[in-house]
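Q: Please take a close look at one part of this predicted model. Begin with a single residue, then work outward through the loop that holds it to the strands, ring pairs and sulfur links elsewhere in the chain.
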Amino acid sequence: MPHTHSKFVHYTVIIITQIFILAFGYGFLGAVAYYEYLAPSDSVCEAMKSHPGEVTMLVALIATVLSVVTATLFTLSVKEALRHRICQPISLIQLSAGVALAQGSHILSYRHMELTVLTLFIFGVLKLLTAGWTTLLTPAYFMWPVQLNGSEIDITGSAFATLLQKEFLASGLIQNDAFEVLDIGGMLSGVAAAGFIFGLPGTFNFNGAKYNISTQGVVPTIEAFSGSDGIPDANGTRLGFSGGNVTVNTGIVPGLHSRVPIPQGFSTNYSMWQQGLTANVSCQAIDSSQPQYLWNTNNSNVIYTNPAASSTNLITGLRLWNISVNCGTNTSTTYEYLTMVDANGSGNLSGNGFLPSVVCLGPTNTNQNYSSFTIFTQGFYKYDFLKASMCEVVPLLTRVRADYSNEQISSEVISSTPFQSENAELLLFIAGVARYQSINSQGLTSSTIGDTLYSIYSSTTTKYVNNNLNDTQVYLELEDYWRGVVEFSATFLRSGFMATGSFPDNIIPNNISSPVNGTMFISTIGWTRWTKNSPTYLLATVPLTIITILTFACALYSLLEALEEHRNHTHKAHFNVSNTIHLVMLCAAGSLKLADFGHRKGIKKNEVVKVHLEELHSPRLST
């Protein structure tokens, strides 16, 4: 009875231990599948990142221990099952296969392919246990996604148009220190956009935020990328914005498993869907004699001369230009420019350039609607590579995907729509910024726009710009320059109306609020749920599952045999079939007669001989 009881305990321990190991494997797999993402605490993640070799060694050690325990339980169950099975007739080749499995090995016999394949399969599965556990337990770097949502100013609707119109009536188109911001910011945005097409670095900074190529009309919706944290004064918001903190209203959307803490991670980037604004700009040469344009650059007068100043490097003379163009319906628009000339009234001085631009808001003919504006321009002196030209600017309201990473904001237009009637005030502001830029970019001796076109091309080629500049290339630059200015004007407008203090309690009213949503990606280390196309984790559990089933089968068989012994009050001899000495002793104790090696087919004949265990006075094998 004590012996039988100990066997029950022995088999029960094998089964329970194997259940625990299987439950750990599938439990871990199930936890990863249920939560989708699992990561240790941030301190542990930092330690794992700093000591990757130690992490690999620890995982390999755990995988090896679990594999050894599983394999040991399997071989023990096979030994016990074989000890009971040998009491019934069994061929020597089958006994040999069982002994091989009890030793964690296999047999190779072309005459018995079924047993060979079976033992090789089980042997291979045993060897895959460590690989399976390693695959299951090894942590990997991954991006933990967290959903975000929030709001930003909506500049596309009629409610904002009403608010913008009130600002125009109260303080004008551009207010206070915003003059300098629009002057320098618009110019730099245009330069960044124009230079990128020629391979120059296209990074633009505004209000502490860094944009890739151009702003695409977006405003930062992520606090870490919002730039300046200064508080604007009372007159430093909306159209008077000159820099300062932009209110960010974006937060985390609670997930299905809110109890799982979100790690801080090693780094964080974001992908947000939000409003943007860009423009399709198309530039082409015009004939100044065409009546529908009436581009006139011939009206100028010398208003100041000082011949004596030439020897002292002072201003020798000034010419006042009245540049006019027909903006449609017989409406003429005129801009005044002042340039420096020599004592004879000539402006073609060394290094001097003149590039006037006139902005027409609205149609230049009956077929054009008020969803665009036109810029007329021409270069003189150093800029005479730019012929009399017109650029049609068609602003577009866009939905963009803004990527926030590496301290930079990059935007991609997903969809766009042209301006509608409710966007008239917005068009007026954008055209006003372009007008301000076109006037203020020209100084006494040079133009910012002209220098941009000239320097970008000359910095990327060895050719002389005036003789070799391709019209297509200069128009591509000019188009990108004005697109950059338009996009900056939208970013400026959004920033001004989202600046701290622009609205009571910094809460944007619902009627001028637009939703934003996206995903925060946290770089960390841990475990993620497998994808449908890569069921690696599931495959990793296959060896464990197979060995567990075989272990259960052997242990259950032994348990049933032990119960039978208990009912019959019998007792089988205890020996180890995988022990060579035990097998030799069993053979020597019996009357087992087999063909010897001298027999031509002795081994083949002996393989099919059936033996069984006899227990008369001592255990022995007999046929």
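A: The residue to start from is T237, which lies in the loop between β5 (209–212) and β6 (249–252). The model is predicted, and what follows is computed from it. T237 has a relative accessible area of 11%; buried means under 20%, so T237 counts as buried.

What does T237 touch, leaving aside residues up to four places away in sequence? The contacts are P232, G496, A499, T500, G501 and S502. One of these, A499, is 262 residues from T237 along the chain, yet the C-alpha atoms of T237 and A499 are separated by 5.9 Å.

The loop between β5 and β6 also holds F225, which belongs to an aromatic pair. The whole structure contains 23 aromatic pairs. In the pair of F225 and Y404, the ring centres are 5.3 Å apart and the planes stand at 75°; over 60 degrees counts as edge-to-face, so this pair is edge-to-face. The pair links distant parts of the chain, since Y404 sits in strand β15 (residues 389–405), 179 residues from F225. F225 and Y404 are both buried.

Another group of rings forms one aromatic cluster: F204, F206, Y211, F241, F429, F488 and F492. Of its members, Y211 falls within the residue range of β5, and F241 falls between β5 and β6, in the loop that also carries T237.

Strand β15, reached through Y404, leads on to strand β7 (residues 267–285). β7 and β15 run antiparallel and are joined by 16 bridges. Within this pairing, Q274 stands opposite V400 in β15. β7 has another partner, strand β17 (residues 513–528): 7 bridges join the two, again antiparallel. There, T268 stands opposite I522 in β17.

The connection between β7 and β15 is covalent as well. By the distance rule applied here, the count comes to 2 disulfides. One of them joins C283 to C391, with the sulfur atoms 2.0 Å apart. The angle about its S-S bond is 110°, and the link is right-handed. C283 belongs to β7 and C391 to β15, with their positions 108 residues apart in the chain, and the pair links distant parts of the chain. Are the two cysteines buried or exposed? C283 has a relative accessible area of 8% and is therefore buried; C391, at 0% relative accessibility, is buried too.

The other disulfide joins C327 to C360, with an S to S distance of 1.8 Å. The angle about its S-S bond is -65°, and this link is left-handed. C327 lies in the loop between β9 and β10, and C360 in strand β12 (residues 357–361); the cysteines are 33 residues apart. At 9% relative accessibility C327 counts as buried, and C360 counts as buried at 0%. With the bonded cysteines counted along the chain, the disulfides follow the pattern 1-4, 2-3: C283 and C391 make the 1-4 link, and C327 and C360 the 2-3 link. Two further cysteines are also buried: C45 at 1% relative accessibility and C554 at 17%.

The loop of C327 leads to a sheet that contains β9 and β10. Here 3 strands form an open sheet in the order β8-β9-β10, with antiparallel pairing. Its edge strands are β8 (300–305) and β10 (332–340), each pairing on one side only. From one strand to the next, the twist averages 20°. In a regular strand, side chains alternate between the two faces of the sheet. Strand β9 (residues 317–326) is joined to β10 by 9 bridges, and S324 stands opposite T334 in β10.

Within the residue range of β9 there is also a charge placed over a ring: the charged end of R319 sits over the ring of W321, 6.0 Å from the ring centre. Elsewhere, R111 lies over the face of Y110, at 5.3 Å from the ring centre.

To return to the starting point, T237 is a buried residue in the loop between β5 and β6. F225 of that loop pairs with Y404 in β15, and β15 is in turn bridged to β7 and tied to β7 by the disulfide of C283 and C391.

Methods. Residues are numbered from 1 along each chain as its sequence is written. This is a predicted model: local features need pLDDT of at least 70, side-chain atom pairs count only at pLDDT 80 or more; totals for chains, interfaces and linings use all residues. Side-chain values use heavy atoms; hydrogens and water are left out. Helices (H or I, at least four residues) and strands (E, at least two) are DSSP runs, numbered from the N terminus. Buried means under 20% relative accessible area, exposed over 50%, partly exposed in between (1.4 Å probe, protein chains only). Contact means heavy atoms within 4.5 Å. Two strands pair if DSSP finds at least two bridges between them. Axes are lines fitted to C-alpha atoms, for helices over the stretch in contact, and angles run from 0 to 180 degrees between N-to-C directions. Rings of Phe, Tyr and Trp (its six-membered ring) pair if their centres lie within 6.5 Å; planes under 30 degrees apart count as stacked, over 60 as edge-to-face and the rest as tilted. A charge sits over a ring if NZ of Lys or CZ of Arg is within 6 Å of the ring centre and within 35 degrees of the ring normal. A disulfide is a pair of cysteine sulfur atoms within 2.5 Å.
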